[in-house]
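Grab a coffee and open the viewer. Here are a few exercises to work through, each with a solution right below it.

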Amino acid sequence: MADMSQKQNRMAEQEPNVRNKNFSEVALGYTEEQAIAEARRCLGCKTKPCTHGCPVGIDIPSFIANVAQGNFDGAYEVISRSSSLPAVCGRVCPQETQCEQHCVRGAKGEPVAIGKLERFVADRHAEKAESAPVPASNGHKVAVVGSGPAGLSCAGTLAKMGYKVTVFEALHTAGGVLVYGIPEFRLPKSIVRKETDGLRALGVEIMTNTVIGKTLTVDELFDDFGFEAVFIGSGAGLPRFMNIPGENLKGVYSANEFLTRINLMGAYKSDSATPVFTGKRVFVSGGGNVAMDAARCAKRLGAEVTIVYRRTENELPARKEEVHHAKEEGIDFLMLCTPVAISGDEDGDVCSVTLQKMRLGEPDKSGRASPVPIEGSEYSLPADCVIIAIGTSPNPMIKNTTKSLETDRRGCIVADENGKTTREGVFAGGDAVTGAATVILAMGAGKTAAHAIDEYIKSKS
Amino acid sequence: MFRIISKTALCDAVIKMEIEAPLVARKAEAGQFIILRVNDDGERIPLTIADFDRESGSVTIIFQTVGATTRLLAAKNAGEYISDFVGPLGKATETEGLRKVAVIGGGVGSAIALPIAKKLHKSGATVHSIVGFRSESLVILRDEFASASDAFFLMTDDGSAGEKGLVTDKLRALTESGEKYDEVIAIGPLMMMKFVCKLTKEFGIKTVVSMNPIMIDGTGMCGGCRLTVGGKTVFACVDGPDFDGHLVDFDEVIKRNSMYRDFEKRCDEKVCNLLKRGEDNG
């Protein structure tokens, strides 16, 4: 009989006023007892509504039943049939709008903490993981462009089928947005490292420092290197700016630059060779997860941080949990407001930001109430640093160097539901196709494309 | 890991290194750049490609020891390795259709101007090279430049080598004496490029400059290298590094490049002390 308590088993967290001064992980994980207790809240619905809410279709009731019985290896086995990055997804998936939203227990009380259980199972497995045997080769070569969630999951799926996979990564470390974007306190880099090491153990070669579109082109991957198919999972890495006066002053960052300095280059460590600047007063423009990440990083570096968002809290695109964590850590939220100018001193350093008040108008294309500027409402506040976190778009480098690869007007690669692009043998998935979205969707797309690539290569040989 | 094939000191503070990087050498063109990290905790720095050999798979970089990273790099020897070396990044310098060009190099920037002079010279264009240094002890690549030029002018601030004066003095003199250039290509310190552009604007000569702002990834991802060119924001890493010098907002980039000066100074001192201690022990 299921435990019918309405509340989830809480996962221990670092105290807000302690964690806002360090970069260690915020949530500390379940103990075995907590995990079993939480798993016992699952009703094991035959219709599996939670599974339908999962972009990669994990058999959630089955893995949770294993946890409830203390069979953690069995639970991992169930998850890994559908997901290649459970330790990552257990941490960064927006479960509240996916699996947990469909949980029957959520109708009265809190849903089963599926994400936290997934994390527990993955972490417990990693503690005692033995490397899986290298699958027998089928003699076919596939290139994967980008080592973010889409690329890693595509590479892993193909490698398990026996393909010889080479992943090309532009930066010096594999992981894509998981290493340059998501901060250590949300997703420890050691976890990403374990995932990429796991791929290498499967025989996947990861070539860092290789920019497809520059070092090599997609055409060369086919013609000169003998790859039979190419998967493009190059993400959405191009930062958008606001095009307001003063955006090129010293102290104005794209969220990408700010987070890359901190996460990829380790600028938060005292002995880092890469600098990052916050000053005392930081304003972050935007309301997504990236804005929350940037704000929480700036806070940890000792600044007073304000998030400025042009709609209200109800429309914030960030996960509720991230907003909640940010508030707990002492970050201010200034809603219905947008920066319209940044001013600097004679050295070109930011000294103030001019904000304009907004009100909510008619719903726009996204279905959300559109922000309408209130004329004459501008006012200025002292500032040392402004971080622009209003979104990113795909990098045009690959599109510009690949024959007959179509993109839409936002620069996203055109691909069908299986990841097939307009160019034969080229598949794509993740943010490169959808524009900036979530880790799990990218992972799902990588996996789907891997199966399409398998079919394509089999049909040709 | 990338092997250092050879290392040569061109003068006291300027070092030439050949790096084994066949994939970069395969594609490299004059005007493009690479990004490197010396070791695993190092920062990423961009350096313009000074030369390349597609056959042997090597790429040559020439750098001045001006900060922590270049100092660490300079301490490496032939046969040793650096962690990362990625490229070729940015766009190649456009030389097609040019018949008569003044190539201007300032300081270590001359090392980057040289492959462009060579390429132009080889294509049959008339090349007038003007290279400037503070004093004789800093002069590099004199013979190489002279042999890639139809006319070669060496300038020093103190007159200790070549003529005393600035590169702009020579360019003005040549232009006023009736030399007509299709284009001026200027590579060197920001101040030098700014004043070359001021002069050529006066004379109405198209001028291309190579920008080297602060950057991290070199692929358009961070936007740290953004510049204002013709009133628009561009990224030096993917839209450049070459730009129409008459449209570049030099004052803005001069300020932006000073952003981490204090940090850089502290890092440099730390590395200096570390290297010194290493020498004492060795």
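The exercises below go through a predicted model, starting with the contact between its chains.

**Exercise 1. Work out how many residues each chain gives to the contact, and what chain A brings to its side.**

Solution.
- Step 1: Start with the head count. Chain A puts in 44 residues and chain B 43 residues.
- Step 2: Turn to area. About 3,400 Å² is buried between chain A and chain B, with 57% of it on carbon and sulfur atoms.
- Step 3: Look for polar links. Between the two chains there are 26 residue pairs in polar contact, both residues at pLDDT 80 or more.
- Step 4: See which elements of chain A take part. Those giving two or more residues to the side that touches chain B are strand 7 (238–239), strand 8 (252–254) and helix 12 (255–264). Helix 12 of chain A supplies the largest share, 4 residues.
- Step 5: Sort that side of chain A by type. You get 19 nonpolar, 15 polar and 10 charged residues.

**Exercise 2. Find a salt bridge between the chains, then one inside chain A, and say what the second one ties together.**

Solution.
- Step 1: The structure holds 49 salt bridges over all chains, and 3 salt bridges are counted between chain A and chain B.
- Step 2: For the link between chains, pick A:Glu220 and B:Lys27, whose closest N and O atoms sit 2.6 Å apart. The cut-off is 4 Å, so this pair counts.
- Step 3: Inside chain A, try A:Glu25 with A:Arg91, again a salt bridge, with closest N and O atoms 2.6 Å apart.
- Step 4: Place both ends. A:Glu25 is in the loop between helix 1 (16–19) and strand 2 (27–29) of chain A, while A:Arg91 is in helix 6 (residues 86–92), so the salt bridge ties together parts 66 residues apart in sequence.

**Exercise 3. Trace the open sheet of 5 strands in chain A and explain what sets its edges apart.**

Solution.
- Step 1: Read across the sheet: the strand order is 5-4-3-6-18, and the pairing is parallel.
- Step 2: Check the ends. Strand 5 (205–207) and strand 18 (426–428) of chain A each have a single partner strand, so one side of each has no neighbour in the sheet.
- Step 3: Note the twist: neighbouring strands are turned by 20° against each other on average, ignoring direction.
- Step 4: Zoom in on one pair. Strand 3 (residues 141–145) and strand 4 (residues 164–168) of chain A are joined by 5 bridges, and A:Val145 has A:Phe168 as its bridge partner.
- Step 5: Add the helix. Helix 17 (residues 439–460) of chain A packs on this sheet, touching strand 3, strand 6 (229–232) and strand 18, with its direction at about 170° to that of strand 6.

**Exercise 4. Do the same for the open sheet of 7 strands in chain B.**

Solution.
- Step 1: The order here is 11-10-9-8-12-13-16, with mixed pairing.
- Step 2: The edges are strand 11 (163–164) and strand 16 (242–244) of chain B; each has a single partner strand, so one side is left without a neighbour in the sheet.
- Step 3: Strand 10 (residues 151–156) and strand 11 of chain B pair in the parallel sense over 2 bridges. B:Thr156 stands opposite B:Lys164.

**Exercise 5. Locate two cis peptide bonds in chain B.**

Solution.
- Step 1: One joins B:Gly87 and B:Pro88, with omega about -5°; B:Pro88 is in strand 7 (residues 84–89) of chain B.
- Step 2: Another runs from B:Gly240 to B:Pro241, with omega near 15°. B:Pro241 lies in the loop between helix 7 (236–239) and strand 16 of chain B.

Technical notes:
Residues numbered from 1 in each chain as written. Chains lettered and ligands numbered in written order. Predicted model: local features only at pLDDT ≥ 70, side-chain atom pairs only at ≥ 80, totals over all residues. Heavy atoms only, no water. Contact = heavy atoms within 4.5 Å. Buried area = accessible area lost by both parts, 1.4 Å probe. Salt bridge = Lys/Arg side-chain N within 4 Å of Asp/Glu carboxyl O. Polar contact = N/O pair within 3.5 Å; in protein donor to acceptor, adjacent residues only side chain to side chain. Nonpolar A, V, L, I, M, F, W, Y, C, P; charged D, E, K, R; others polar. Pairing = 2+ DSSP bridges. Axes fitted to C-alpha atoms, helices over the stretch in contact; angles between N-to-C directions.
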